[in-house]
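Welcome! Have the sequence and the 3D view ready, and try each exercise before reading its solution.

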Amino acid sequence: MKILIAADMEGITGVVHWDQVNPKHIEYPRFRKLITADVNAAIRGAFAGGATSVTVTDGHHDGRNIMIEELDPRASLTSGSPAPLSMVNGVDDDVDGVMFIGYHGRMGAANAILDHTWSDEIVSGLWINDRAFGEVGLNGAVCGHFDVPIIMASGDQTLCAEVRDFFGDKIETAQIKKALGRMAAECLPPAQTSSLIEEVSKRSVVNLKSGTAPKPFKVTKPITMTLEFVQSNMADRAAILPNARRTDGRRVEYSADDMVTIYMAFRTMIAMTS
Ligand SMILES: [Zn+2]
């Protein structure tokens, strides 16, 4: 049983501000340790639940946050950027289940710590087949393309509700903070979050083995993505992508038959804005 841990940073233990997840800020080294600790807890739980192999993908910023020198020696780490499948790199490599660790609510969600979708300076909204998506839905649909389910997630209460909304009530969730807004939360300390994440991770792998984990999340084909940018000049640039359609001042639409192509178009259009 092979597990992929897709890690982000805004939903990690104690994080409530951008400075804490910004490599240039003095607070960042503390939170590198905390993302590594949250990921290690998930790794321990996965093996305790019966995983035979665990690989971790570091999906925040430039993918260089998790400290390999402190990583559980049984796991491997995909570090650096860009990896071919970005935040869920490795999902195409015979993976049985994916865990979202340190995830966050989509751009615009209320009471969600650092809510955003990819970049809050670039993306103001994302819809797939007219449904509002954040990183949960987007990355979950890429995993679904490879027939791999999301089996657990950790983050605040809004993230936990978002994953249940997308993947159903069978997903296991570790709520490690209660957001009181975008940049304030009631946070559990690492001594509590480690055991919570470990326990939930273990349960999710046991569920996967017994056939009670969520099913892979699939979007209906053909797939149409609408990407709304913060500024119209970003849409000017993104609309240059062949087959993209400008639909509004800040909106560009793109259609494809498969989710990986949509994911690549999404990432390409964002890269084109700068
Ligand atoms: Zn993110």
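**Exercise 1.** Find the residue of strand 10 that stands opposite Ile128, and then follow strand 10 to its partner strands.

*Solution.* Start at Ile128: the residue facing it in strand 10 is Met225. Strands, like helices, are DSSP runs numbered from the N terminus (H or I, at least four residues, for helices; E, at least two, for strands). Next, widen the view: strand 5 (residues 123-128) pairs with strand 10 (residues 223-229) in the antiparallel sense, over five bridges. Two strands count as paired if DSSP finds at least two bridges between them. Then move on to strand 12 (residues 251-256), which runs antiparallel to strand 10 and is joined to it by six bridges. Here Glu228 has Arg251 of strand 12 as its bridge partner.

A word on the model: it is predicted, so local features need pLDDT of at least 70 and side-chain atom pairs count only at pLDDT 80 or more, while totals for chains, interfaces and linings use all residues. Residues are numbered from 1 along each chain as its sequence is written.

**Exercise 2.** Which strands pair with strand 1, and in which sense do they run?

*Solution.* First take strand 2 (residues 53-58): it runs parallel to strand 1, with six bridges between them. Ala7 faces Asp58 of strand 2. Now take strand 4 (residues 97-101), also parallel to strand 1 and joined to it by five bridges. On this side, Ile3 stands opposite Gly97. Finally, add helix 1 (residues 28-49): with strand 1 and strand 2 it makes a right-handed β-α-β unit. Right-handed means that, with the strands pointing away from the viewer, the path from the first strand over the helix to the second runs clockwise.

**Exercise 3.** Why is strand 1 described as largely enclosed, and is Asp165 buried, exposed or in between?

*Solution.* Begin with the cut-offs: a residue is buried if 20 or more other C-beta atoms (placed from the backbone) lie within 10 Å of its own, exposed if 12 or fewer, and partly exposed in between. In strand 1 (residues 2-7), five of the six residues are buried, so the rest of the structure largely encloses it. Asp165 belongs to helix 3 (residues 157-167). Its count is 13 other C-beta atoms within 10 Å, so Asp165 is partly exposed. Lastly, locate Gly137, 28 residues away along the chain: its C-alpha atom is 9.4 Å from that of Asp165.
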